[in-house]
Structure formats: structure tokens, C-alpha cells
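Here are my notes on the model, set out as numbered points on charged and aromatic side-chain contacts. Please read them with the structure open.

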Amino acid sequence: LASNYTVSNPSGLTASITPKALTVAGQLAGNKVYDGNTAAQLSGGVLAGLVAGESLGLAGQTATFADKNAATAKAVTVTGTTLVDTSTGLASNYTVSNPTGLTASITPASLLVSATGGASRVYDTTTNASATLSDNRIAGDVLTINNSGVRFADKNAGVNKTVTVGGITLSGADAGNYVVNSSASTTGTITQAALAVNVDNAEKD
């Protein structure tokens, strides 16, 4: 029967080729020391799902921690992942999703507490002293420096005597983002106390 007929090829047919979805594999978020912001750094990462023999690059990624505070295994969110052509026109054949499930740690920053000036006084039989404390906190952080006492090494009068600040602790909303890495000290002077000498009147005859 086939020899009784002819047939023509169909025409006017259309169909779509949808871009292939890629994922980013092996990307890591880096740990950092507390710096007052939520920015995170990424390393590594390859495109999974590319057709054999084709290659593309990654660009546009921004990584952020959930908040600025020091903690371990904090969630890191990646946005803006885009594809970059390394062979003309291939990027339009693919889509890519942002990597998920990344974590990294923010470790507390070292807080250098320094003692300056204001430690000189007159001898009063105690080792009590005073000092002005300063530190290298990040601008805007809420931090209070507490101490258990400011003391001269001994009670005696002298110049350039060592003054130490004991038991430094931190409080305030950002206290958990710092560790104190040094003992504050300065120098001061204990000046001699003035004595008043009373002279008794001569005994009367």
C-alpha cells in the first residue's frame, strides 16, 4: 500500500529549549575577626551541571552574615550570583541559583585598653590612684570598661611610679564582640605631704 501514496515533511512546527539550571558546588564562606559589619568573604565554588566541554564563570556574588556579632557557625547568605561567558553566547543557555547552607564564624576582636595621665597625687598612706582609660573599639560600638581598682605599686612618695589597672571587664551591648588582650598601666607621681609644725609657747615662769 505504501507505494500508492506520497508524504511531505510537516512544516511550521516550533518548540522551546529552556535554559539548563546550574548550581554552585564547593563554595565556602570564610571566618573573620569581628569588624563591626556583616560582610563575609567567599572562596572556591564550581558550576555543577554544565554540558560537557562548555565552561562559564561566576560573578556578582555578595555574602553577608545574619548580623555583625561574634559567634560560631553563623549563617551566611549569598545573593547576586550570575554567570559570565568564557565562550561567546553560552551564558544564555543556563540559569544559576545562589548557593545555600553556608556558615562561618566571627571571632571576638582584641581590645587594647590603655591607661593615660591623671595618676598623680599627694601622699596619703594609700596606694589609691586614678587614670583615664582609652581603647581601640570600633566607632559606634556600645562598650563600658570596668575595673576592680587603679593602684600605685606602693604607698610611698616618688616620681614615675607604675600605676596598674586591675580586673578589667567589659559590659554593654557589644561586650561579647571583644576580649581584653592587655593589662592597662601608666605612671604617676606621689608627691610628699606637707607637715605643719606647731611650736608651743615657752613655759611661763
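1. I begin with Asp 174, which forms a salt bridge with Lys 68, and the closest N and O atoms of this pair are 3.3 Å apart. Asp 174 lies in the loop between β18 (169-171) and β19, whereas Lys 68 lies in the loop between β6 (62-65) and β7 (71-79), so the contact ties together parts that are 106 residues apart in sequence. Please keep in mind here, as in every point below, that this is a predicted model.

2. The two partners of that bridge fall into separate accessibility classes. Asp 174 has a relative accessibility of 6% and therefore counts as buried, the cut-off for that class being under 20%. Lys 68, with a relative accessible area of 26%, is partly exposed.

3. The bridge should also be read together with a further acidic residue, since Lys 68, Asp 141 and Asp 174 are linked in a network of salt bridges. For the structure, the count of salt bridges comes to seven.

4. Another of these bridges joins Asp 67 to Lys 74, with the closest N and O atoms 2.6 Å apart. Is each partner buried or partly exposed? Asp 67, at 31% relative accessibility, counts as partly exposed, while Lys 74, at 9% relative accessibility, counts as buried.

5. A further bridge is formed by Arg 137 and Asp 135, whose closest N and O atoms are 2.8 Å apart. Arg 137 counts as partly exposed because its relative accessibility is 28%, and Asp 135, at 24% relative accessibility, likewise counts as partly exposed.

6. Turning to the aromatic residues, a search of the whole structure finds one aromatic pair. The rings of Tyr 34 and Tyr 178 have their centres 5.5 Å apart and their planes at 75 degrees, so the pair is edge-to-face, the cut-off for that class being an angle over 60 degrees.

7. Where in the chain do Tyr 34 and Tyr 178 lie? Tyr 34 is in the loop between β2 (32-33) and β3 (39-40), and Tyr 178 is in strand β19 (residues 178-180), with these positions 144 residues apart in the numbering, and the pair thus links distant parts of the chain. Both Tyr 34 and Tyr 178 are buried.

How values were computed:
Residues numbered from 1 in each chain as written. Predicted model: local features only at pLDDT ≥ 70, side-chain atom pairs only at ≥ 80, totals over all residues. Heavy atoms only, no water. Phe/Tyr/Trp six-rings, centres within 6.5 Å; stacked < 30°, edge-to-face > 60°. Helix = DSSP H or I, 4+ residues; strand = E, 2+ residues; numbered from the N terminus. Buried < 20%, exposed > 50% of the residue type's maximum accessible area, 1.4 Å probe, protein only. Salt bridge = Lys/Arg side-chain N within 4 Å of Asp/Glu carboxyl O.
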